[in-house]
Amino acid sequence: MSHLIILIPAALGLGALGLVTFLWALKSGQFNDLDGAAWRAIDDGDEQKP
């Protein structure tokens, strides 16, 4: 039972840390261009632009 005194606040703290990190990522624009990175990964860059 004494382990719960440590585990419950630790779980709540880690959850809060994850939430804060997710909100920071939203605010800094990490999720603005979801398709661009996928297309850049398969583009070989051999095309020359006119």
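**Entry 1: the charged pair**

I began with R40, which counts as exposed because its relative accessibility is 57%, keeping in mind that the model I am reading is predicted. I then looked for a partner of R40 and found that it forms a salt bridge with D33, with the closest N and O atoms 4.0 Å apart. D33 has a relative accessibility of 47%, so I noted it as partly exposed. In general, side chains of opposite charge can pair when their charged atoms come close. How many salt bridges does a search of the whole structure find? I wrote down one salt bridge for the whole structure.

**Entry 2: the negative patch**

Next I looked up charge on the surface, where D43, D44, D46 and E47 form a negative patch. I picked out D46 from this group and placed it in the segment after α2, the helix that covers 36–42. Is D46 buried or exposed? I recorded D46 as exposed, because its relative accessibility is 63% and the cut-off for exposed is over 50%.

**Entry 3: the nonpolar patch**

I turned last to nonpolar side chains, and noted a surface patch of about 600 Å² made by L19, F22, L23, L26, F31 and L34. Where in the structure does L26 lie? I located L26 in helix α1, which takes in residues 2–27. L26 has 43% relative accessibility, so I entered it as partly exposed, a term that stands for values between the buried limit of under 20% and the exposed limit of over 50%.

Definitions and conventions:
Residues are numbered from 1 along each chain as its sequence is written. This is a predicted model: local features need pLDDT of at least 70, side-chain atom pairs count only at pLDDT 80 or more; totals for chains, interfaces and linings use all residues. Side-chain values use heavy atoms; hydrogens and water are left out. Patches are made of residues with over 30% relative accessible area and no salt bridge: like charges are joined within 9 Å, nonpolar side chains (Val, Leu, Ile, Met, Phe, Trp, Tyr) within 5 Å. Accessible areas come from the Shrake-Rupley method with a 1.4 Å probe; for residues, only the protein chains shown count as cover. Lys and Arg count as positive and Asp and Glu as negative; His and the chain ends are not counted. The place of a charge is taken as NZ of Lys, CZ of Arg, CG of Asp or CD of Glu. Helices (H or I, at least four residues) and strands (E, at least two) are DSSP runs, numbered from the N terminus. Buried means under 20% relative accessible area, exposed over 50%, partly exposed in between (1.4 Å probe, protein chains only).
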